[in-house]
Amino acid sequence: MHVLTADTTAAVSLPMRFVVASILLLATMALLATATSGFLTHMKMSDLESQMSRMDATASILYAGGPGSNLTMEIDIPSGCTVVMGAIPGSEAAWPYDAKNYFMEYEGKYTVRESRAAYSNELMGGVSFFGSGTHRVFMETTVNPSTGMLFVRVYELK
């Protein structure tokens, strides 16, 4: 008499294979999400640095031209980013000593740049601040009567 016996080893290990495959899939998805987030952050900062480099180059040309030069330009600051012209992070009150600097901030990380131009706000009383969005910016070179220093006044036209 021939007895057929069922081999159940594959059926027993099948649920474990599903668990292992699920864990690997979740780990892969987590790594992909992290990589995508880092890439998007890098793209935003790259776009912001490009916009601000263009603006700084224009301001430097105006600054070299001396008092009385002016220009209007449009900048687009990505969402979540801010720009401060005329200071370094944490030292905004030290204006005008750091007026030849500007910094960009995104998610608590700062990128500081040095400029050939000294920056001021519209009232010649401190730094210029720009939040995210599209801004129509007016830049004008003028001499501060109290210090005799040349500044590029940077402010948004309404």
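## Exercises: salt bridges, a sheet and a patch

Arg113 has 33% relative accessibility, so it counts as partly exposed (buried is under 20% relative accessible area, exposed over 50%, partly exposed in between, with a 1.4 Å probe and protein chains only). The model is predicted: local features need pLDDT of at least 70, side-chain atom pairs count only at pLDDT 80 or more, and totals for chains, interfaces and linings use all residues. Residues are numbered from 1 along each chain as its sequence is written, and side-chain values use heavy atoms, leaving out hydrogens and water.

**Exercise 1.** Find the salt-bridge partner of Arg113 and place both residues.

*Solution.*
- Step 1. Apply the criterion: a side-chain nitrogen of Lys or Arg within 4 Å of a carboxyl oxygen of Asp or Glu.
- Step 2. The partner is Glu49, at 3.5 Å, N to O.
- Step 3. Glu49 sits in helix H1 and Arg113 in strand S4 (residues 109–114), so the pair ties together parts 64 residues apart in sequence. Helices (H or I, at least four residues) and strands (E, at least two) are DSSP runs, numbered from the N terminus.
- Step 4. Glu49 is partly exposed, at 29% relative accessibility.

**Exercise 2.** Describe the surroundings of Arg153 in strand S8 (residues 150–156).

*Solution.*
- Step 1. Arg153 is buried, at 17% relative accessibility.
- Step 2. Its salt bridge goes to Glu140, with the closest N and O atoms 3.5 Å apart. This pair links strand S8 to strand S7, 13 residues apart.
- Step 3. Glu140 is partly exposed, with a relative accessible area of 21%.
- Step 4. A polar atom of the Arg153 side chain lies 3.2 Å from the backbone oxygen of Glu122.
- Step 5. Count the whole structure: the search finds 2 salt bridges.

**Exercise 3.** Work out the strand order of the open sheet and name its edges.

*Solution.*
- Step 1. The 4 strands run in the order S1-S7-S8-S5, with mixed pairing. Two strands pair if DSSP finds at least two bridges between them.
- Step 2. S1 (70–77) and S5 (119–120) are the edges; each has a single partner strand, so one side of each is left without a neighbour in the sheet.
- Step 3. S1 and S7 (residues 133–143) run antiparallel, joined by 8 bridges.
- Step 4. One bridge pairs Thr72 with Phe138 in S7.

**Exercise 4.** Which residues form the nonpolar surface patch?

*Solution.*
- Step 1. The members are Met16, Val19, Val20, Ile23 and Leu24, with about 480 Å² of accessible area together (Shrake-Rupley method, 1.4 Å probe; for residues, only the protein chains shown count as cover). Patch residues have over 30% relative accessible area and no salt bridge; like charges are joined within 9 Å, nonpolar side chains (Val, Leu, Ile, Met, Phe, Trp, Tyr) within 5 Å.
- Step 2. Val19 lies in helix H1 (residues 9–64).
- Step 3. Val19 is partly exposed, at 43% relative accessibility.

Methods:
Polar contact = N/O pair within 3.5 Å; in protein donor to acceptor, adjacent residues only side chain to side chain.
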